[in-house]
Amino acid sequence: MRYSLFVGCTIPNRFPGVENSTRVILGPDHLGAELVEINEFTCCPALPTFYSTDRVTWLVTAARNLVLVQDKNADLVTMCNGCFSSLLKATEELENVNKCNFVNAALASVGKQYRGRLVRREGNRSIYEPVRVRHIIEALYTDFGREGIADRVRHPLSGLRIAVHNGCHFLRPTTRTSVDDPAKPVMLDTMVEAAGATSVDFPDKQACCGAGGGIRLQVPKLANAITKDKYECIHAAGTDAIVTGCPYCLYQFDHAQKDLKVHPIPVLHISQLLALAFGVDAEHLGFEWHFVAVRPFLKKVDAVGVV
Amino acid sequence: MTPGGAPEAQKKRSTENGSSDAKSAEGGPLIVEDSVFTGAEHDPDFVKQIIRYGGKDVQTCLQCGNCTGVCPVSLKTPYKTRNLIKLCQYGYKRIFFTIPWICAGCHRCHEHCPADINPAEVFVAIRHIEVREKGVPRFIRDSTALILRHGFGAIPSDDIKRYREKEGMPPLPNTLPGYRKVLSELEALFRKTRFTELIGLETGEGAAGERKARERGGEASK
Ligand code: SF4
Ligand code: SF4
């Protein structure tokens, strides 16, 4: 497994623990994936800002990021639904020859060209495929599977009840592709169960967090009103934590709970949850940047763990 | 008059949250089913413009309302997706320039649309038109300015930098000296696509400009 982690904007600046947990669980002590570091990435770029105002600039900027990976023989892996959606959508649009040529005309001014990833040569023809853009949940689910993850668990989270939040852009990253079934997704739930915890059911389980598309930035009250309905369902189901694969959903659930002054339910990224289950000490996982204190959850983790 | 059964309570809750939040959120006119609009807001080319900026032909919308039914924003605000598409059909362009950008882009509407309209993409097209005809919302200018200056939409705090060091994580790319080349590439591309001009991004301001962007930054720079 060769991955190039695309960490984006939100993770390193708001939840650095998400990046660290991902590096630790994929690293040599645990899943043993090979990480290819790329130091020239920029913002994916964010769909609400770029795709909404100028599709051309969005595609050119996304293509520039994809070019950096195309010759590395690695899959680009994101831990953010926003980056996932933006970059995957870009690979789809770049399959259109006219768009690709247009983008390459712009990229030529900075000495770059998007071709995609070389799969094989037939005579003197080279066959390329789009750069593989993947979400960490899907990568863990497909490349390691429930067994592969469960094998690494040293501290099973048995008895803990988790509400999973997939997030819209994991379920519907582009109009063409879905990696999990948007109506009945299984990947995130499976990862939570592989960690030994229980993924609980609650009404309207796939509802939106409310933050996306710039809503959080512009009309935080509306974002919180959307979150509130989902929070109430989660709270009524009796859960110890909310687990998501997106730092922006994490941010929204975390912040909204503070704004709404509700009974706090800790919010974790799936990488952080798996790191705990793999036995990584919580002090490395950056929980100090979460708004809702994670400590009550960590106490329960300590109590249930059979080391 | 009916005793408060579950569906009734549910309905009440959404309406309460909905109208109060939407009003306090932006204070603009409410769009409701029976609003009357005058010819002043009308633009006969709106439908074509939406197509030019990548949206589908809104005239093929069946007005079935599936999109409204699944839309998290329609549930909480007076802006019902089906009504908005109807306003597009009628060419009421200027009304959109008074509505904040509150589509989450969740694509639930598209999933349930029998006419394959994808309202989310229609709203993207309308944002393109608004940016070109009315101006760029401040939060867009601020976040793009940050990206142009730092490569990313936010700047890590000192305690985050210390945490990275302590944990032995690789340094953030945009803290490395070589990243200057990346920023100049980004600037060259933004100029090439005329994005700098479109958004009104001043470049090459140095530290003073950076401070200004930070002060204005709101959530984007926190
Ligand atoms: S779901 Fe599609 S056809 Fe139905 S009202 Fe919405 S946009 Fe129109
Ligand atoms: S994409 Fe926008 S319009 Fe469609 S359901 Fe989601 S928030 Fe509503």
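**A parallel sheet and the helices on it**

In this predicted model, helix α5 of chain A, which spans residues 81–93, lies across the strands β1, β3 (75–78) and β6 of chain A, and its direction runs at about 155° to that of β6(A). Helix α7 of chain A, made of residues 136–152, also packs on the sheet, where it touches β1, β3 and β6 of chain A, while its direction makes about 90° with that of β6(A).

The sheet beneath this description can now be followed strand by strand. It is an open sheet of four strands in chain A, arranged in the order β2-β1-β3-β6 and paired in parallel. Because β2 (34–35) and β6 (133–135) of chain A stand at the edges and have a single partner strand each, one side of each is left without a neighbour in the sheet. In general, the strands of a sheet pair through backbone hydrogen bonds, in either a parallel or an antiparallel way.

Starting from one edge, β2(A) is joined to β1 (residues 2–6) of chain A by two bridges, the two strands running parallel, and here A:Arg2 stands opposite A:Glu34 of β2(A). Next, β1(A) pairs with β3(A) over four bridges, again in the parallel sense, with A:Tyr3 opposite A:Asp75 of β3(A). Finally, three bridges pair β3(A) with β6(A), also in the parallel sense, and the bridge partner of A:Leu76 in β6(A) is A:Val133.

In a regular strand the side chains alternate between the two faces of the sheet. Along β3(A), A:Asp75 and A:Val77 point one way whereas A:Leu76 and A:Thr78 point the other way, and all of these residues are buried.

Note on methods. Residues numbered from 1 in each chain as written. Chains lettered and ligands numbered in written order. Predicted model: local features only at pLDDT ≥ 70, side-chain atom pairs only at ≥ 80, totals over all residues. Heavy atoms only, no water. Pairing = 2+ DSSP bridges. Contact = heavy atoms within 4.5 Å. Axes fitted to C-alpha atoms, helices over the stretch in contact; angles between N-to-C directions. Buried < 20%, exposed > 50% of the residue type's maximum accessible area, 1.4 Å probe, protein only.
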